[in-house]
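Biologist: I'm new to this one, so could you take me through a single chain up close? I'd like to hear how its helices pack and where its charged side chains pair up.

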Amino acid sequence: MSEQFEPNVVAFLCNWCSYAGADLAGTSRIQYPPNLNVIRVMCTGRINPLFVINAFQQGADGVLVSGCHPGDCHYMEGNYFARRRFTMMKELLDYVGVDNKRFHMSWVSASEGAKWKDVVKSTVDEAKEVGPFAQFQRNKINW
Amino acid sequence: MNNKPKIGVYVCHCGMNIAKTVDVEAVAEFASHLPYVKVARNYSYMCSDPGQLLIKEDIKNEGLTRVVVASCSPRMHELTFRKTVAAAGLNPYYLEMANIREQCSWVHENREEATAKAKKLVYAAVAKVRLLEPLQEKEVEVEPSALIVGGGIAGIQAALDIAAAGFKVYMVEKTPSVGGKMSQLDKTFPTLDCSACILTPKMVDVASHPNIDLMTYSQVEDISGYVGNFDVKVRKKARYVDMNKCTGCGACAEACRLTGRIPSEFNEGLGKRAAIYLPFPQAVPAKYTIDPERCLMLTRGKCGKGPKCMEACAAGAINFEQQDEVVEFKVGTVIIATGYELFDASKKPEYGYSDYPNVITGLELERLVAASGPTGGNIVIGEGENATVPKEVAFISCVGSRDASVGNEYCSRVCCMYSAKLAHLVTEKLPDSNVRIYYMDVRAFGKGYEEFYDRVRREGVRYIRGNPSEIFKRGDKLVVKAEDTLMGKPLEDEVDMVVLATGLEPRKDAREIIDILKLSQSADGFYLEAHPKLAPVDTATDGVYLAGCAQGPKDIPDTVAQAKGAASSALILLSSGKVKVQAQISNINEATCRGCGYCVEICPYGAIDLVEVNRMGNMVQVARVNEALCKGCGACAAGCFSGSAQQRSFKDQQILPQIAVLGAMK
């Protein structure tokens with residue numbers, strides 16, 4: 001693994017907490033690595049586990065799912081669905097040989113701009129640690 | 001006309017906010033080569049009139065069918081640009097935003113990296129926008145009434161404003177009387193208005209206004225529904241007193257066996273009440289309530305030969321058989337004005353609040369000073385014959401505020417001024433006393449506050465800059481150990497009374513409302529507003545507004561101003577009578593749905609039902625979304641086995657291209 005390796009991380013954020021938290025990090029000018037790109041959904045409950053697989057297939061080296069703290073979901077229980085789904089998914093990924101350092105789940109509220117920075121940093125750092133990911137990659141589909 | 005989309009990409013400089021770290025010209029140039037992109041421009045302020053005009057003209061002249069705006073967060077300006085797009089005759093949902101400010105230019109310093117990331121984000125937006133579908137916004141009627149939770153000055157002001165505009169108001173207050181914390185105050189800074197004199201007329205107005213349905217000693221159990229149509233369930237706790245019969249004469253309280261034996265909440269435990277009580281003489285409504293945790297009849301089922309209050313009550317209002325009553329009603333909008341709690345001074349053991357009776361809180365002194373208080377306005381230490389008048393009085397400010405060790409980093413905003421006010425009242429009532437205030441900083445920021453602070457100092461109150469480390473007893477004196485940080489001198493100050501200026505904290509039962517309404521909390525634990533500057537009374541939930549200290553520490557003028565703001569926001573909704581509902585909701589393809597019912601179980605709103613349809617002559621069950629109930633979370637879409645359930649604007653086939661771009665583009 002070369003020292004130059006910069007991982008590519010895809011993040012799925014819920015609109016109400018984590019996306020707002022990431023916005024707050026911006027408003028507060030908190031600096032973090034640019035390796036992570038965000039896809040906004042309304043709720044973590046919307047995130048189909050296939051999205052995660054798909055991100056890996058398309059070439060992501062790491063994936064992050066982030067939403068409201070348990071109990072604070074804007075849609076009452078969407079993040080509970082996500083928590084169950086992705087806890088299982090994490091084990092499944094481990095089972096098929098994907099290092100758990102590539103897949104992260106976090107709870108960042110709309111007021112936690114500083115926590116968002118920490119989450120991005122640790123996600124990117126861990127993806128960097130395990131290096132490029134090619135196990136799932138397939139030929140690029142033409143959308 | 002062909003069906004190929006024509007996309008316009010608009011990259012905003014946001015003055016220098018974006019352009020400083022992102023090469024906006026390079027991003028626009030990059031975008032112009034992306035598939036289906038017809039025009040790509042950059043402009044200094046896309047949200048300005050000329051910026052929006054640029055989009056409108058391109059839609060007309062270039063025949064654009066999709067628009068991507070790369071600028072700030074969609075949480076900021078998505079609505080603005082939707083309106084722009086709609087004004088040019090395009091469906092407002094043919095818009096996608098790339099957040100290259102909050103999540104790019106503001107968080108990265110390296111221009112090259114930030115530009116590369118901006119390109120990726122724009123590419124992902126272009127990939128998605130092509131596949132967006134036109135959506136219709138539906139309007140629903142707004143129920144012409146408001147719910148106000150909390151009957152302090154914030155709730156009272158909001159209720160009066162909404163009621164005056166001609167709409168029905170339901171006010172729910174947890175305690176037996178409205179008035180809140182303000183009713184406990186003696187005088188208010190900086191004008192020294194008597195608190196009761198300015199508050200009680202408003203309390204009476206709330207109770208007597210024909211448009212206000214006041215429910216005291218009641219609690220909100222549940223709120224469901226959505227903006228304009230909330231279903232509210234309120235539990236009216238049993239008072240064991242018939243509200244219609246009680247005349248408020250007080251004979252029952254005099255007769256009660258426990259008279260003078262239960263600490264009065266209103267007097268901060270300094271005075272005593274009976275088990276049947278009126279919280280304070282000016283309470284509204286002036287109806288007695290039996291404390292179910294203290295009353296002998298209710299706790300032990302027996303009160304001597306028979307409850308004395310019942311004997312004493314000439315009106316026959318007492319009814320031990322009374323049950324809680326649950327009422328349900330509909331409202332269009334909700335204002336949360338639940339207020340605050342005071343910091344528990346025993347959490348700072350070094351100040352000895354739990355150990356020494358002559359260490360008291362500001363609110364306790366407030367009750368001592370008040371003519372209606374337990375001592376009739378005499379400032380004394382101790383009770384009865386042992387009561388002594390203090391000569392040396394010390395105030396300590398910032399107790400439980402600006403103190404990370406107790407988890408409160410914020411300034412409570414009122415303690416400096418209420419200390420100054422109380423110091424003034426002490427010097428006024430006890431001209432021989434010496435008053436000093438230990439402070440960290442004096443924050444006298446409001447109208448007339450600095451002048452009042454000057455006045456108090458002229459009256460002889462000494463301000464000593466230093467945060468006392470300890471209070472201990474020496475003989476019958478209290479010793480305040482501190483360092484005068486301006487003189488650089490340690491000192492031990494012998495005093496008779498210490499007043500702790502305790503700060504404001506979020507209510508301990510704040511979670512109840514959070515669980516009911518899905519509100520967020522800011523880091524300090526108060527309810528989070530939608531935007532700290534531009535939407536300070538709104539919440540993330542449409543139709544729910546905040547007023548007063550529930551949102552953060554505030555003095556009375558700010559609270560009243562915010563309450564009026566919340567009332568005006570609620571009135572916009574109520575008087576327009578209509579509200580647009582979420583268009584980005586779920587939809588189920590009935591042709592592919594296999595009717596397993598999994599989404600029905602998942603949906604947090606019960607918005608999906610299984611219905612029978614005729615599919616080529618066979619009656620089959622399929623799931624169908626009730627569009628009025630769906631909130632657009634998309635949980636069904638992630639759970640659906642056949643991909644039949646999809647969330648509009650967040651369909652699988654709309655998100656997958658974003659993933660493809662962000663995953664593949666290094």
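Modeller: Here is a walk through chain B, starting with the whole chain, then two helix pairs, then the salt bridges.

Keep in mind that this is a predicted model. Chain B has 666 residues, and 56% of them are buried. Its C-alpha trace spans about 95 × 70 × 40 Å along the principal axes. In secondary structure, you'll find 18 helices and 34 strands in chain B. If you take the contacts in chain B with a separation of 6 or more, 68% come from residues 24 or more positions apart.

Now the helices. Start with α1 of chain B, residues 24–32, which packs with α5(B) at an angle of about 35 degrees, the axes being 10 Å apart. This crossing is right-handed. On the α1(B) side you have B:A26, B:V27, B:F30 and B:A31, and they meet B:T115, B:A118, B:K119, B:V122 and B:Y123 of α5(B). Sorted by character, the residues of this contact come to seven nonpolar, one polar and one charged.

Next, look at α6 (residues 153–164) and α7 (residues 195–208), both of chain B. Their axes come within 10 Å and cross at roughly 55 degrees, which makes α6(B) oblique to α7(B). Here the crossing is left-handed. The contact uses B:I153, B:I156, B:Q157 and B:L160 from α6(B), and B:L199, B:K202, B:M203, B:D205 and B:V206 from α7(B). That set splits into six nonpolar, one polar and two charged residues.

On to the charged pairs. Over all chains, the structure holds 40 salt bridges, so let me pick out a few in chain B.

One of them joins the side chains of B:R41 and B:D58, with N to O at 2.6 Å. B:R41 sits in strand β2 (residues 37–43) and B:D58 in helix α2 (residues 49–62), both of chain B, so this pair links parts of the chain 17 residues apart. The two ends sit in unlike surroundings: B:D58 has a relative accessible area of 6%, so it counts as buried, while B:R41, with 29%, is partly exposed.

Another pair is B:K580 with B:E137, whose closest N and O atoms are 3.6 Å apart. Here the two partners are 443 residues apart: B:K580 lies in strand β30 (residues 578–581) of chain B, and B:E137 in the loop between α5 (111–129) and β5 (138–141). B:E137 has a relative accessibility of 32%, so it is partly exposed.

Then there's B:K348, which forms a salt bridge with B:D403, the closest N and O atoms lying 2.7 Å apart. Both partners are in loops of chain B: B:K348 between β19 (340–342) and β20 (359–361), B:D403 between β21 (392–399) and α12 (415–429), with 55 residues separating them. Buried means under 20% relative accessible area. B:K348, at 10%, therefore counts as buried, and so does B:D403, at 12%.

Finally, some charged residues join up in a group: B:K174, B:R507, B:D509 and B:E512 are linked in a network of salt bridges.

How values were computed: Residues are numbered from 1 along each chain as its sequence is written. Chains are lettered from A and ligands numbered from 1 in the order in which they are written. This is a predicted model: local features need pLDDT of at least 70, side-chain atom pairs count only at pLDDT 80 or more; totals for chains, interfaces and linings use all residues. Side-chain values use heavy atoms; hydrogens and water are left out. Axes are lines fitted to C-alpha atoms, for helices over the stretch in contact, and angles run from 0 to 180 degrees between N-to-C directions. Helices (H or I, at least four residues) and strands (E, at least two) are DSSP runs, numbered from the N terminus. Angles under 35 degrees count as roughly parallel, over 145 as roughly antiparallel, 65 to 115 as roughly perpendicular and the rest as oblique. A crossing is left-handed if the near helix is turned anticlockwise from the far one by less than a right angle, and right-handed if clockwise. Contact means heavy atoms within 4.5 Å. Ala, Val, Leu, Ile, Met, Phe, Trp, Tyr, Cys and Pro count as nonpolar, Asp, Glu, Lys and Arg as charged, and the others, Gly among them, as polar. A salt bridge is a side-chain nitrogen of Lys or Arg within 4 Å of a carboxyl oxygen of Asp or Glu. Buried means under 20% relative accessible area, exposed over 50%, partly exposed in between (1.4 Å probe, protein chains only).
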